[in-house]
Amino acid sequence: MQVNTENKPIFRSDYIVPKNLHDFDPNLFIEITDRFIEQNIGKDEKVAISVSGGIDSRVTAHLLHRKIGNRLYLFFIDDGFRRIIKGMEECDVVAESFKDFPNFEVIHAEDRFSHLYNYSSDGEIKRKTWQLPYTNISNEYIKKVKANWVADGTILPDIIETKGRMKLKTQHNIDLPYNVKKIELLASLYKPHVRRVGKALGLPDEFIFGIPCPGPAQLIRVIGNVNKEKLEVAKITTDVTEQMIDKYCEMVWGSKFKYDENTGVRQPFQMFGVALDYHIKELYDLKDCESDKDNIKFYEMENCTTYRRE
């Protein structure tokens, strides 16, 4: 768990993740989290939380709501890059899933992100450029509802990928310049632990075992420069791919996925469509591979979604 006070992260030692997933007790974690909320959030203070269609922010919202009730304010920023889920826009799916929460708002802000079209082909620049309007809109909402805190679904891999030794890529929810204190209830957990907490909270399996999706969503799944045509391709192909693989798994396994409770591995782990870069070149030096040389060609794209520090 983590509290951000005056934008300075303070790590708490209230909870240490067991090395073995089987030893993780979600009910004990919920009890510890309840005390953590009581100790840090004042009885008259409000919390704003940025939610999405994912399990992490959903579990965080339920953990907060059970302790502070109507002092929790949920918002979803529709930036124009959200997913299509079974033919529905993600904002509508999220709104339906949080319909029982008294304070929920979809913020339609596509125009605030329009500068990202044809701006940069680099995945890391896309992520960092996306963060500024996202933070500004969040701060505006926080001010409107007079919240004292902001929360989100940050988990440990988000922190490791952004600030760890490898620095793989910038996660959208790390070190944002919010105008209020930030509380991160899941910052010590990995995805399998979050799923177990969601199960203990009684959330539906369709949310608990959903596939992970990046914060800036289809912005990252468009390789190279983004335009509306490529964005639409990424949205539709992702929705079609997910539905087709769900149907295939149901045909083969009798269920949409397999989940190993001991390892926390979901099969399939992730599936999505992408809009490829227009700028590709054929690789001739791979022709010596043991393959059907007459029918297989190899190509390399100039850009990638994940920033690699050489």
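The following dialogue goes through several labels attached to this predicted model and sets each one against its criterion.

Reader: Why are helices α1 and α2 called oblique to each other?

Author: Helix α1, residues 26-40, and helix α2, residues 55-68, pack at an angle of about 60°, with their axes 10 Å apart. Angles under 35 degrees count as roughly parallel, over 145 as roughly antiparallel and 65 to 115 as roughly perpendicular, with the rest being oblique, and therefore α1 and α2 are oblique. The crossing in which α1 passes α2 is right-handed.

Reader: Which residues make the contact between α1 and α2, and what is its make-up by class?

Author: On the α1 side the contact is made by Phe 29, Ile 30, Thr 33, Asp 34, Ile 37 and Glu 38, and on the α2 side by Leu 63, Leu 64, Arg 66, Lys 67 and Ile 68. Sorted by class, the contact of α1 with α2 has six nonpolar, one polar and four charged residues.

Reader: What makes Arg 66 and Asp 34 a salt bridge?

Author: The criterion asks for a side-chain nitrogen of Lys or Arg within 4 Å of a carboxyl oxygen of Asp or Glu, and the side chains of Arg 66 and Asp 34 meet at 2.9 Å, N to O, so the pair satisfies the rule. The two residues belong to distant parts of the chain, with Arg 66 in helix α2 and Asp 34 in helix α1, 32 residues apart. By this rule the count comes to 14 salt bridges.

Reader: How do you know whether Asp 34 is buried or exposed, and what is the corresponding label for Arg 66?

Author: Buried means under 20% relative accessible area and exposed means over 50%, with partly exposed in between. Asp 34 has a relative accessible area of 11% and is therefore buried, whereas Arg 66, with a relative accessible area of 45%, is partly exposed.

Reader: What makes Glu 140 and Arg 112 a link between separate parts of the sequence?

Author: The side chains of Glu 140 and Arg 112 meet in a salt bridge at 2.9 Å, N to O. Glu 140 lies in helix α4 and Arg 112 in the loop between β7 (104-108) and α4, so the pair ties together parts that are 28 residues apart in sequence. Glu 140 is partly exposed because its relative accessible area is 42%, and Arg 112 counts as partly exposed too, at 32% relative accessibility.

Reader: How do you know that Lys 182 and Asp 152 meet in a salt bridge, and where do the two residues lie?

Author: The N to O distance between their side chains is 2.8 Å, which is to be set against the limit of within 4 Å. Lys 182 lies in strand β9, residues 181-184, and Asp 152 in the loop between β8 and α5 (156-163), so the pair ties together parts that are 30 residues apart in sequence. Lys 182 is buried, and so is Asp 152. Salt bridges that share partners join Asp 152, Lys 182 and Glu 184 into one network.

Reader: Why are α2 and α6 called oblique to each other?

Author: The axes of α2 and helix α6, residues 191-200, come within 10 Å and cross at roughly 45°, and since this angle is in none of the ranges for roughly parallel, antiparallel or perpendicular, α2 and α6 are therefore oblique. The crossing of α2 past α6 is left-handed. In the contact, Ile 55, Asp 56, Val 59 and Leu 63 of α2 meet Lys 191, Val 194, Val 197 and Gly 198 of α6, and by class these residues divide into five nonpolar, one polar and two charged.

Reader: Why does Gln 131 count as buried?

Author: Gln 131, which is in helix α4, has 13% relative accessibility and therefore counts as buried, the cut-off being under 20%. Leaving aside residues up to four places away in sequence, Gln 131 touches Thr 170, Gln 171, His 172, Ile 174 and Leu 176.

Reader: Why are Lys 86 and Lys 146 called exposed?

Author: Lys 86 has a relative accessible area of 54% and Lys 146 has 65% relative accessibility, so both values satisfy the condition of over 50%. Lys 86, in the loop between β5 (84-85) and β6 (88-89), has a positive phi of about 50° although it is not a glycine. Lys 146, in the loop between α4 (123-145) and β8 (149-151), has a positive phi of about 60° and is not a glycine either.

Key: Residues are numbered from 1 along each chain as its sequence is written. This is a predicted model: local features need pLDDT of at least 70, side-chain atom pairs count only at pLDDT 80 or more; totals for chains, interfaces and linings use all residues. Side-chain values use heavy atoms; hydrogens and water are left out. Helices (H or I, at least four residues) and strands (E, at least two) are DSSP runs, numbered from the N terminus. Buried means under 20% relative accessible area, exposed over 50%, partly exposed in between (1.4 Å probe, protein chains only). Axes are lines fitted to C-alpha atoms, for helices over the stretch in contact, and angles run from 0 to 180 degrees between N-to-C directions. A crossing is left-handed if the near helix is turned anticlockwise from the far one by less than a right angle, and right-handed if clockwise. Contact means heavy atoms within 4.5 Å. Ala, Val, Leu, Ile, Met, Phe, Trp, Tyr, Cys and Pro count as nonpolar, Asp, Glu, Lys and Arg as charged, and the others, Gly among them, as polar.
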